[in-house]
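Me: I would like to go through this structure in questions and answers, with the reasoning set out at each step.

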Amino acid sequence: MQTILIVGNGMVGYKFCEKFVARAESKKYKLIVFGEEPRAAYDRVHLSVYFENRDAQALELAPLDWYSDNDIDLIVSERVTDIHRTKKTITTASEKEYNYDYLVLATGSAPFVPPIQGVEKQGVFVYRTIEDLEDMMAYADKIKKVKPGARAAILGGGLLGLEAGKAVMDMGLEPHVVEFAPKLMPRQLDARSSNVMQLTLESMGLHIHASKATNKILGNGAITGMDFGEDDTLEVDMLVISAGIRPRDELGKTCNLEMGVRGGIVVNDKMQTSDPDIYAIGEVALYNQMIYGLVAPGYEMAEVAVNQILKKDDVVMRPEIDMSTKLKLIGVDVASFGIPYMPADKGLSIIYENKTKGIYKRINVSHDGKTLLGGIMVGDAEDYSILHQMYLNNMPLPENAEELIVGSRGEGASAFGSAMDLPDAAVICSCEAVTKGAICCSVLEDGNESVKGIAKATKAGTGCGGCKPMISDLVTESLKSIGKTVKVRICEHFEYSRQELYDIVKTRGIQNYNELIDTVGSGHGCEICKPAVAAIFASIYNETANLQDTIQDTNDRFLANIQRNGTYSVVPRVAGGEISPKQLMAMGRIAKKYDLYTKITGGQRIDMFGAQLHELPLIWEELIAEGFETGQAYGKSLRTVKSCVGSTWCRYGMDESVSFAIEIEHRYKGIRSPHKFKGGVSGCIRECAEARGKDFGFIAVEGGWNVYVGGNGGAKPKHAELLAEKVDKETAIKYVDRFIMFYIKTAQPLQRTAAWLDKLEGGITYLQNVVIHDSLGIATELDAEMQAYVDTYKCEWKEAVETPEIRERYTHFVNSDETDNNIEFVDLRDQKMPKEWA
């Protein structure tokens with residue numbers, strides 16, 4: 001048995017192992033992997049996700065068991081220090097020696113730290129590993145305690161720098177991005193697209209400082225600022241350096257492998273170094289005088305190295321590597337492909353720019369207008385996959401090439417043909433090198449009829465995920481080609497979509513879940529269809545979650561959000577964020593009485609945590625007596641309508657936003673929908689209520705209100721789109737009434753308005769026609785249904801408190817009145833929190 005040592009357990013090192021053990025010949029080899037970090041390989045591409053859940057396991061590419069199950073020895077927290085080529089051995093930092101037959105260097109890269117005076121100060125970090133993030137978070141918590149409103153700077157406005165900017169925002173610090181070049185993302189974007197990107201990011205709260213050369217870092221021991229020279233300084237309390245990468249090539253230098261002038265270990269098209277038994281892959285490899293910092297070329301290198309070691313000599317790297325990429329930065333789509341910049345002597349450019357929506361699209365075409373040469377997309381990259389394929393496969397352009405970025409006849413329709421028009425050899429998933437032909441065969445011959453099934457069978461879509469929309473299209477078109485009906489059914493118990501079930505319940509007058517499943521379903525139902533159907537009944541009949549409690553999820557069943565220790569949170573409605581001193585004192589008294597942890601939410605409400613199940617009706621009773629009602633923080637319904645103080649107090653206010661927000665929140669409270677939805681009302685274009693980050697929003701302008709729809713924050717933030725501008729308040733309300741009702745009728749289960757609007761054929765233009773111009777002739781019906789909601793509202797808490805059979809549900813045990821004595825808390829800043837699990 002021959003031994004292969006893999007130095008580096010990053011994404012590319014792991015991919016080598018995964019591809020190697022998938023081959024039958026791998027049984028003749030022993031794999032030993034060395035990683036410097038204390039954990040197995042994880043997804044660095046989505047490193048910023050760690051801020052949302054602090055769960056390192058969620059980023060793992062494979063659990064530790066995977067290595068042992070595949071007879072791979074994984075040695076973590078161990079650095080390889082020397083390679084002895086003559087003896088074919090390596091030495092580690094702990095002075096252990098290992099023999100090899102083949103050696104694979106996948107050491108990746110390290111952050112480039114510019115030689116700036118003061119870079120060693122406390123509070124200066126790099127952004128590369130989970131440990132880096134943990135150190136940053138600990139420091140951020142420390143400085144926020146002593147300095148509310150603390151600032152953090154990010155040195156570098158490239159891809160990683162902007163990701164670090166998102167991380168800094170998530171830590172609750174004021175983010176400042178400092179870039180040496182005159183524009184953001186200088187390697188991917190042209191000046192105009194970079195400007196659109198900058199405007200979008202600034203509207204989200206990032207401060208951009210371009211054309212800045214940092215001379216030194218200020219501070220005595222810890223950073224206090226950055227000096228750019230000529231009395232130009234920036235006060236900051238933390239600095240994250242993201243100024244590029246340098247290959248980790250020190251092992252190649254010490255054992256005299258051929259090196260690049262500026263770093264990197266030189267490799268041929270077989271991924272062999274100057275020593276034929278030593279391979280280099282990923283960011284440490286210098287191929288064609290280039291270091292490739294994207295994951296897809298690294299995965300291709302891993303595939304080549306596997307084949308070469310297994311004597312498949314015909315598998316080599318392509319002469320040219322496609323550096324096209326699509327990603328989402330702080331919720332903004334960014335993509336570039338082919339030649340992003342086009343000199344006039346090489347070709348011509350077609351540009352679409354809409355700064356009001358933060359969208360820029362550019363395609364570069366040959367002088368004869370027949371060939372696509374490249375492009376850039378910011379704000380809307382929905383068509384990236386097909387444009388990329390047209391570029392890769394030299395597909396002919398339509399007669400009016402501008403339709404590729406503005407839609408046919410300016411109406412938003414697609415100018416593209418079917419994904420099936422692509423050649424079978426077209427690489428759909430560049431991360432895993434999966435072709436269109438392989439995907440279609442997987443559907444037609446192997447019976448994999450879903451994106452999930454394709455991913456399991458071929459690995460397509462398991463890398464960056466940018467190809468998933470095209471995979472979905474290929475699955476759908478392949479099934480259609482053999483006469484199979486492609487339906488989006490709600491689950492295995494109903495052969496209908498949510499929209500179809502909505503129509504069935506409404507037209508047949510079905511009143512409960514059992515009647516529905518007996519009539520048009522099968523089996524006993526599941527955790528997918530029951531809550532979805534519960535939402536349909538609530539949407540049609542405006543019934544509360546108390547009526548059919550057994551089909552609700554836990555939060556809806558008990559009208560409160562369950563927390564990690566089995567207690568619940570209580571969130572009363574505070575319409576528009578306005579609350580009187582009397583109400584504040586009442587909430588304080590109730591929270592103190594029941595020993596609840598209290599926190600102000602991002603939606604301008606007060607959340608009270610730690611209530612046990614039996615206490616909920618008692619707490620609600622006292623809140624109701626003080627004039628409060630349910631805030632439905634637990635439901636797929638309206639959460640909040642956030643407001644600024646508007647013209648009531650603010651000298652910039654154009655209109656009275658608080659009263660408007662209160663009116664709107666009381667209008668839409670209690671309405672059940674496919675997913676939660678939120679609103680915002682800003683009294684001027686300064687947008688303090690973040691109305692464009694909500695499912696619907698109103699912004700006061702000269703001449704009335706601008707109405708926005710289809711936005712959201714969260715893990716995938718998206719700016720809302722302009723539905724109507726400069727309309728009076730009554731018209732604005734009417735349009736949003738219709739928008740909400742149309743969404744309720746047509747969206748899929750658990751589909752936010754942003755995702756729904758993205759999938760709506762014709763997009764915002766179609767929605768405007770339905771809502772404003774009544775193109776479907778249903779405006780009167782939508783208006784009447786909304787008014788019926790408003791007229792039949794019930795407070796679910798009040799109903800639960802005043803109805804004995806409902807109130808009886810709030811016990812920990814069905815056969816006893818005892819409470820749960822296993823719940824434990826610990827002290828936290830004069831309050832309490834759940835005790836950590838063992």
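## Two residues, a helix pair and a sheet

Me: In which loop is Asp 655 found?
Reply: The model is a predicted one, and the place of Asp 655 can be given by the helices on either side of its loop. Those two helices span residues 646-649 and 657-668. Asp 655 is therefore in the loop between α20 and α21.

Me: Is Asp 655 buried, partly exposed or exposed?
Reply: The relative accessible area of Asp 655 is 31%. A residue counts as buried under 20% and as exposed over 50%, so Asp 655, at 31%, belongs to neither of these classes and is partly exposed.

Me: Which residues is Asp 655 in contact with, leaving aside its neighbours within four places in sequence?
Reply: With heavy atoms within 4.5 Å as the criterion for contact, and with the neighbours within four places in sequence left aside, five names can be listed for Asp 655: Gly 646, Ser 647, Gly 683, Ala 700 and Trp 705.

Me: Is Glu 665 buried or exposed?
Reply: Glu 665 has its place in helix α21, and, not counting residues up to four places away in sequence, Glu 665 touches residues that include Arg 573, Leu 638 and Arg 639. Its relative accessible area is 0%. Because buried means under 20%, Glu 665 is buried.

Me: How is α1 oriented relative to α8: roughly parallel, roughly antiparallel, roughly perpendicular or oblique?
Reply: Helix α1 (residues 11-21) and helix α8 (residues 295-309) pack with their axes 9 Å apart and at an angle of about 40°. Angles under 35 degrees count as roughly parallel, and 65 to 115 as roughly perpendicular, so that an angle of about 40° makes α1 oblique to α8.

Me: How many nonpolar residues does the contact of α1 with α8 have?
Reply: The contact is made by residues that include Met 11, Val 12 and Phe 16 of α1, and Val 295, Tyr 299 and Ile 309 of α8. By class, one residue of this contact is polar and three are charged, while the number of nonpolar residues is 10.

Me: Which are the edge strands of the open sheet formed by five strands?
Reply: The strands follow the order β32-β33-β34-β35-β36, with mixed pairing. An edge strand here pairs on one side only, which holds for the strands at residues 638-643 and 721-727, namely β32 and β36.

Me: Which residue of β35 is the bridge partner of Phe 696?
Reply: Strand β34 (residues 696-701) and strand β35 (residues 704-709) pair in the antiparallel sense over six bridges. For Phe 696, the bridge partner in β35 is Val 709.

Note on methods
Residues numbered from 1 in each chain as written. Predicted model: local features only at pLDDT ≥ 70, side-chain atom pairs only at ≥ 80, totals over all residues. Heavy atoms only, no water. Helix = DSSP H or I, 4+ residues; strand = E, 2+ residues; numbered from the N terminus. Buried < 20%, exposed > 50% of the residue type's maximum accessible area, 1.4 Å probe, protein only. Axes fitted to C-alpha atoms, helices over the stretch in contact; angles between N-to-C directions. Parallel < 35°, antiparallel > 145°, perpendicular 65-115°, else oblique. Nonpolar A, V, L, I, M, F, W, Y, C, P; charged D, E, K, R; others polar. Pairing = 2+ DSSP bridges.
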